[in-house]
Amino acid sequence: MGNSGKLKGNVGVFIKGSSMAEIEGLVRALREGDDAAKTAAARALGRLACGNFYQNGLIAEAGGIAPLVQLLHVGSAGAKNEALSTLRPLAACGNNVPIAEAGGIPLLVELLRDGSARAKLDAAWVLGHLAYDNAANAVAIAAAGGVPPLVDLLRNGSANAEFPASLALRGLTRDRFGVHDNDANAVAIALTVGLEALVQLARSGDVTVDNTWIVRNAGLPAKRKAALVVSALLRDCVPGEKRSQVRDLIRAVIGPCL
């Protein structure tokens, strides 16, 4: 196979083992191949990456992350699925920063919202790994609109999707030690879940969906913000002469956060 022109669909010539040279060949196929070659290369890299921390490191070192992320944007549905399957172990093995830097977060959120059932499942897993103990990624995921599709997946997705969706949502508000560290995301999650969740957050610092907790032990700032949102929502539903009483009534119900 020559060095010029697009690599064609069969990349079996590259899939002989797990040496750095062969991984570099697969990464080249990701960059230069046609869609079939890119799909096959992503699949082969996924097999190498699955459960193998060392191979994940080699794939990242060979520059494989950026073209995998690019495949989420320009690839066929099959190519996107293979790229997602490969990004899952890469994200789990400490590559959450380079995946985000390659522009992965908005593409993952888009697939989480509009992709196939398989794509949504894998996107939730990758986003959960990206958010894990990474405050900047947690902010970026919420800013990209990731909260509503994650809540929707938790509520309406397959049984297999519930856990990664809940894991990703938890990662938006907690560090690796389980300490709450993002008030804005906690309120955004509660607001997406609904009024009862806002009240729950204001009262206890928790948010649950169908008995699955997704925010736990949020601090006073998050509770106060949730209470203020509840107050604003309810004030619009109360006749003008009674609106001055809304704040006191809510304080009596949910505690001294207002």
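Leaving aside neighbours within four places in sequence, with which residues is R170 in contact? In the predicted model, the contacts of R170 outside that local window are with T212, W213 and I214. One of these residues also takes part in a polar pairing: a polar atom of the R170 side chain lies 2.8 Å from the backbone oxygen of W213.

R170 itself is located in helix 11, which comprises residues 159-171. The residue is buried, yet no salt bridge is formed by its side chain. The nearest side chain of opposite charge belongs to E162, at a distance of 9.7 Å, whereas a salt bridge requires the side-chain nitrogen and the carboxyl oxygen to be within 4 Å.

The UniProt record, an unreviewed entry, places the feature "repeat: ARM" at residues 103-145 and 145-176. Within the span 145-176, 72% of the structure is helix and 0% is strand. The C-alpha atoms at the two ends of this span are 23 Å apart.

At the level of the whole protein, the secondary structure consists of 15 helices and 2 strands. The protein contains 258 residues, of which 47% are classed as buried. When contacts between residues at least 6 apart in sequence are considered, 61% join residues at least 24 apart. The accessible surface of the protein amounts to about 12,000 Å², and carbon and sulfur atoms account for 53% of this area.

Technical notes:
Residues numbered from 1 in each chain as written. Predicted model: local features only at pLDDT ≥ 70, side-chain atom pairs only at ≥ 80, totals over all residues. Heavy atoms only, no water. UniProt positions renumbered as here; feature names shortened; annotations may be inferred. Helix = DSSP H or I, 4+ residues; strand = E, 2+ residues; numbered from the N terminus. Buried < 20%, exposed > 50% of the residue type's maximum accessible area, 1.4 Å probe, protein only. Lys, Arg positive; Asp, Glu negative; His and termini not counted. Polar contact = N/O pair within 3.5 Å; in protein donor to acceptor, adjacent residues only side chain to side chain. Contact = heavy atoms within 4.5 Å. Areas by Shrake-Rupley, 256 points an atom, 1.4 Å probe, with all protein chains shown as cover.
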